[in-house]
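Reader: I would like a close look at one part of this protein. Please pick a single helix, then set it in the whole chain.

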Amino acid sequence: MLTYLQFIPLFTAFFVALILLVVMTPLAHQFGLVDQPSYRKRHSGIVPLTGGVAIFVAVLVASVMTDVWMKNNPLFFTASAFIVLLGMLDDRFDLSAKGRLMCQFGVASIMAWSAQNYITSLGDIFGFGSVYLGLGGYFFTLICVVGVINAINMIDGIDGLAGGMSLIVLASVVSLLLISGNGAAIMEPLVIIAAIVPFLAFNLSLKGFKGNKIFMGDAGSMFVGLTIVWLLVDHTQGVSASLRPITGVWLIGLPLMDMAAIMFRRAKKGQSVLRPDRKHLHNIFMRAGLNSRRSLVAILCLGACYCVVGILGEVYLVPDYIMFWSFMALLVVYTAAIMNIWKIIRVVRDTKRLFLGK
């Protein structure tokens, strides 16, 4: 159970984020950190892109003012500051995808080499014993970090999606830390959650927050992605690991599968895998007839299902190789479904008309 003193960093993160979200709105317009409607962005009006900056600063302030420190926290906040700066520059100047990717690898190297927070083992994912990576773990970690950062960034397409998905993943991490008896580490994800909650209130225009819509921006989605992968690597490696590597994969399974399916589809069409489009999971839900709020609920429920599978697999000690091959099989099914989604929707609609007699 959390003591009274342990709530202080949570309240600090929450209220600092809340204040910054209000204060930074006029600054966003002044410095051009705003999002304007376009072919890919169908929102109305000019919206500030300062949500991510507010979340980062709130977490930083809460960590400095209290005794809540993430492992290797100076390096975590150094890497986070760089990724937030990169996101702000991208939000402002729309950087090239290749340039952004190179900078992300640079940030990932801070985590892997400087902080020594890297993947050393994948667990027994093939059924022949644990797979140890040795020095290759450094390079594998770079790929994983950049992959997760972009997976969270790419899923950020409708109000509440990136923030809501992040809350589900972070809450799942908290649950697994408690289950494993490592409750002392739960303040790390909880502080991030506390900073994201006020942003979601503005982003979703909840009662009392209407008229002050704010977007997370690339700065926010990339910071949250870095934070999630940092925590997952930290808690899945070493003798004191609280969860298995494959469990961490399941927790972020939906964003990873969506990114993989999108990149596969683009590559199959001969397009650049980095080329943006309007064929993400949320776009599919909305083109199928759901509004943005129903699409949000549907996708978050789907993401929660992945997390539940990961948690149950960890609790009941389902063998690593079963969890791994189940994930790979689902990835193939997911990709095939995305590639043929309009055929599937057409069949469902025709079947519905047939049974309803319309």
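Author: Start with a loop, as a way in. Aspartate 94 sits in the loop between H3 and helix H4 (97-114). The model is predicted. Phi of aspartate 94 is near 55 degrees, a positive value in a residue other than glycine. Is aspartate 94 buried or exposed? Its relative accessibility is 64%, so aspartate 94 counts as exposed, because the cut-off for exposed is over 50%.

Further along is another positive phi. Glutamine 116 lies in the loop between H4 and helix H5 (136-155). Its phi, too, is near 55 degrees, and glutamine 116 is not a glycine. Here the relative accessible area is 42%, so glutamine 116 is partly exposed. That value falls short of the over 50% needed for exposed, and it is not under 20%, the limit for buried.

Now the close look: helix H2. It covers residues 51-65, which makes 15 residues. How far apart should its ends be? At 1.5 Å a residue, H2 should span 21 Å. The C-alpha atoms at its ends are 21 Å apart, so the model agrees with the expected span.

Which residues of H2 are buried? Gly51, Gly52, Val53, Ala54, Ile55 and Phe56 form one run of them. Ala58 and Val59 are buried as well. So are Ala62 and Ser63. An α-helix has 3.6 residues a turn, so residues three or four places apart point the same way. Keep that in mind when you look down the helix.

What covers these buried residues? The cover includes helix H1 (7-31) and helix H3 (73-93). Helix H7 (187-203) and helix H8 (217-236) are also among the elements that cover them. H3 thus appears twice in this tour: it helps cover H2, and it leads into the loop that holds aspartate 94.

Step back to the whole chain. Its secondary structure comes to 14 helices and 2 strands. A compact globule of 358 residues would have a radius of gyration near 21 Å; the chain has 20 Å, so the two agree. Along its principal axes, the C-alpha trace spans about 65 × 60 × 40 Å. Of the 358 residues, 50% count as buried.

Contacts next. Among those with a separation of 6 or more, 72% join residues 24 or more positions apart.

Last, the surface and the charges. The accessible surface comes to about 17100 Å², and carbon and sulfur atoms hold 68% of it. The chain has 27 positive and 16 negative charges, and their mean positions are 15 Å apart.

Conventions: Residues numbered from 1 in each chain as written. Predicted model: local features only at pLDDT ≥ 70, side-chain atom pairs only at ≥ 80, totals over all residues. Heavy atoms only, no water. Helix = DSSP H or I, 4+ residues; strand = E, 2+ residues; numbered from the N terminus. Expected span 1.5 Å × (residues − 1). Buried < 20%, exposed > 50% of the residue type's maximum accessible area, 1.4 Å probe, protein only. Contact = heavy atoms within 4.5 Å. Rg over C-alpha atoms; globule rule 2.2 N^0.38 Å. Areas by Shrake-Rupley, 256 points an atom, 1.4 Å probe, with all protein chains shown as cover. Lys, Arg positive; Asp, Glu negative; His and termini not counted. Charge placed at Lys NZ, Arg CZ, Asp CG, Glu CD.
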